[in-house]
Amino acid sequence: MIEDLVLPAAYSLRFAHKNDDTFLFALFCLARTELSLLPLPPQQLELLLQQQYRLQQAGYATQYPLAMSLVIEYQSVNIGKIVINKSDTSVHIVDFAIAPPYRGCGYGSAILESVKAYAHANGATVTLGVDRQNMRARRLYQRLGFLPYEASETHEWMLWR
C-alpha cells in the first residue's frame with residue numbers, strides 16, 4: 001500500500017524502524033500534554049510516559065497485527081507518523097500525529113488527502129478514532145469530509161467514503 005499512495009512533492013512515507021523510537025516517543029509525549037500537569041517529579045513523569053508509550057505500541061500490535069507504522073517526512077525531515085491498518089474494504093487510521101511545529105500548515109491534510117485518494121481508487125472507506133477533547137483534530141477530519149458514526153465518552157469514530 002505504501003508504494004500506492006500518491007503524495008505531494010517533497011513528502012515521503014517510510015516504514016518506522018527501531019532508530020525512529022526517539023522521534024516517535026517525543027511525538028507521543030508532545031500529544032500528552034495533560035500528563036505534564038500531574039504533580040510528579042520529572043523522573044517519575046518520564047517513567048510514566050515511557051510506560052504509556054510501550055503500552056500503546058503493544059496495544060496496537062495486538063489489535064492491529066498487520067498495521068503499517070510509517071514516519072511522515074517533508075523535505076527529508078521527520079514531521080509526523082501515521083499507523084494504517086488496511087483491509088479489502090477499509091483503510092483504518094490507527095494513529096496519526098503531526099509534530100507541533102508543523103501543525104496548522106497543511107501537512108496533515110496533504111497526507112490524509114493521499115490516504116483518501118488511495119481508498120477511493122480501491123473502493124475502500126477510511127475510518128479513524130479521535131479523542132473527543134481534541135477539537136483541532138476533529139475539525140480537521142470534519143473539514144476533510146469525515147463524518148462521525150460512533151462515539152464513546154472519550155472518543156469519536158469517524159468515516160470517510
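**Sheet, flanking helices and largest pocket**

In this predicted model, an open sheet of 7 strands has the order E1-E2-E3-E4-E5-E7-E6, and its pairing is mixed. Strands E1 (11-15) and E6 (147-151) form the edges, each pairing on one side only. The twist from one strand to the next averages 30°. Strands (E, at least two residues) and helices (H or I, at least four) are DSSP runs numbered from the N terminus. Two strands pair if DSSP finds at least two bridges between them. Residue numbers start from 1 along each chain as its sequence is written. Local features need pLDDT of at least 70, side-chain atom pairs count only at pLDDT 80 or more, totals for chains, interfaces and linings use all residues, and side-chain values use heavy atoms, without hydrogens and water.

Strand E5 (residues 125-131) runs antiparallel to strand E7 (residues 155-160), and 6 bridges join them. Val130 has Glu156 of E7 as its bridge partner.

Two helices that pack on the sheet are described here. Helix H1 (residues 21-30) touches strands E2 (68-74), E3 (77-86) and E4 (90-98). Its direction makes about 85° with that of E3. Helix H4 (residues 135-143) touches E4, E5 and E7, and its direction makes about 160° with that of E5. Contact means heavy atoms within 4.5 Å. Axes are lines fitted to C-alpha atoms, for helices over the stretch in contact; angles run from 0 to 180 degrees between N-to-C directions.

The buried residues of H4 (under 20% relative accessible area, 1.4 Å probe, protein chains only) are Ala137, Arg138, Leu140 and Tyr141. These residues lie on the same side of H4 because they cover an arc of only 160° around the axis. The arc is taken from the directions from the helix axis to the C-beta atoms. Their cover includes E4, helix H3 (107-121), E5 and E7. The face turned away from the buried side carries Arg136 and Arg143, both exposed (over 50%). Gly145 follows H4 and has a positive phi, near 95°.

The largest pocket has a volume of about 1,500 Å³. A pocket is an open set of points on a 1 Å grid over the protein atoms alone, with protein on both sides within 12 Å along at least five of seven lines; lining residues have an atom within 4 Å of a point. Grid points are joined across faces, edges and corners, and the volume is the space filled by probe spheres set on them. The lining comprises 45 residues, with Asp95, Phe96, Val130, Asn134 and Ala137 nearest the centre. H1, helix H2 (42-63), E4, H3, E5, H4 and E7 each give two or more residues. E4 supplies the largest share, 7 residues.

Terms used
On a 1 Å grid over the protein atoms alone, a cavity is a set of points where a 1.4 Å probe fits but cannot get out, and a pocket is an open set with protein on both sides within 12 Å along at least five of seven lines; lining residues have an atom within 4 Å of a point.
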